[in-house]
Amino acid sequence: MTYELNEKVKNLIPYDPVAGDYEIRLDANESFIDPGKLFREDFLAAVAAVDFNRYPDPAATELRKKFGAFYGVDPENVVAGNGSDELITVILGAFLRPGDKLLSFSPDFSMYQFYGEVYEKTNIVAEKQEDLILTAGDVIDAVRKNRPNAVLLSNPCSPTSLVMSREDVLHIVENTSALIILDEAYMDFSDQSIMKVAEKYDNLILLKTCSKALGVAAIRLGFAVSCPKIIRALNCVRSPYNVNAITQAIGTVLFSKPEYIRKSVEEIKKSRTYLYENIKKLANSPGVRSLIKPETNFVFLELDHAEFVYNELRKNSIIVRKLGDYLRITAGTQKENDRLIQALGEILTRKI
Ligand SMILES: *Cc1c(COP(=O)(O)O)cnc(C)c1O
């Protein structure tokens, strides 16, 4: 007998993060600050204290307590996950049934549609307007038209770098009975979070990741904040030891350093403003179509020849993310930003 992969799995295209060695990596929206270097001793001590022969705390109690204290939410309304990616898969896999309608928008985080497909949801994708601004009205119209079981969106949005106001987001949550999965991965760089009131709604799950503002993409750590009923269900369907002990230990150290988090967020915001202001100076160069003022740690730039510019940057050992006619460029160190700006200016003024 031979085993045949089913059509669905056979035809999937794997997520393709950029491989290869580049001197300057501005493609994945990671932090340019590494807390593992800043707090080397604390990290090593935390790892040394792990009981490696034992399963981790299934409830990640200490970690959730610290997370709750930092963000001002009740730890009882928080679930930790192996990155927010894991939480997305758990929510889509268990909260929605096969064939249920999942509404997302385009452009938005590409993994939403991918997981929708893997877990056999009916993906409904609403295109954003030309200016890429998503309004509460757009979302509510799409909900009325398509009657989805769940809506999944990022705010601020990756890749557009735009934020929707708190009022608009709450308006959406309050005016639909669909489950709203709100990904606030980049909200540390903006100021429109609804995390503090998330527990009040019975149709909202808010997601956070430690991979961006907190600078620990390596340890895979994310959180969901929701109402007690949903939290209870999430705890039933996730795997019991989903967050390993090393990640719990490092995450606990990190959230014990609120000054570090606040300071690095400020530094990253300064870097993205610098990157934006300097790319803006190139906005009159031939081939630059549009540039959005970012609420994130990256800049989103529309070009006539995105592919060409992307490849030329690569030749300079600078890697960014290309999405159609756009480049998404992560804010880096001063030196990285300057090299990017210099190379970009040079490429754009060259005759294509
Ligand atoms: C990076 C990113 C994530 C990934 O989070 P992990 O915790 O690293 O899995 C989730 N959502 C958005 C919008 C992101 O950009």
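Biologist: Where is the place of V9?

Modeller: V9 sits in helix α1, which covers residues 7-10. Bear in mind that this is a predicted model.

Biologist: Why does V9 count as partly exposed?

Modeller: Its relative accessibility is 36%. Buried would mean under 20% and exposed over 50%, so V9 falls in between and counts as partly exposed.

Biologist: What makes the nonpolar surface patch with V9 in it?

Modeller: Y3, L5 and V9 make that patch, and its area is about 330 Å². Patch members need over 30% relative accessible area, and V9 has 36%.

Biologist: On to the ligand, then. Which residues are the closest to the ligand?

Modeller: The closest are D183, Y186, T209, S211 and K212, out of 14 residues that surround the ligand.

Biologist: What makes the pairing of D183 with the ligand a polar contact?

Modeller: The limit is a pair of N or O atoms within 3.5 Å. An N or O atom in the D183 side chain is 2.5 Å from a nitrogen atom of the ligand, so the pair qualifies. Oxygen atoms of the ligand also have partners: a polar side-chain atom of S211 at 2.6 Å, and one of D85 at 2.9 Å. The protein buries 93% of the 390 Å² that the ligand exposes when taken alone.

Biologist: Why does the radius of gyration of the protein chain agree with a compact globule?

Modeller: For 352 residues, a compact globule would have a value near 20 Å; the protein chain has 21 Å, so the two agree. Buried residues make up 52% of the chain, which holds 13 helices and 13 strands.

Definitions and conventions
Residues numbered from 1 in each chain as written. Predicted model: local features only at pLDDT ≥ 70, side-chain atom pairs only at ≥ 80, totals over all residues. Heavy atoms only, no water. Patch = residues over 30% accessible without salt bridge, like charges linked within 9 Å, V, L, I, M, F, W, Y side chains within 5 Å. Areas by Shrake-Rupley, 256 points an atom, 1.4 Å probe, with all protein chains shown as cover. Salt bridge = Lys/Arg side-chain N within 4 Å of Asp/Glu carboxyl O. Helix = DSSP H or I, 4+ residues; strand = E, 2+ residues; numbered from the N terminus. Buried < 20%, exposed > 50% of the residue type's maximum accessible area, 1.4 Å probe, protein only. Near = heavy atom within 4 Å. Polar contact = N/O pair within 3.5 Å; in protein donor to acceptor, adjacent residues only side chain to side chain. Rg over C-alpha atoms; globule rule 2.2 N^0.38 Å.
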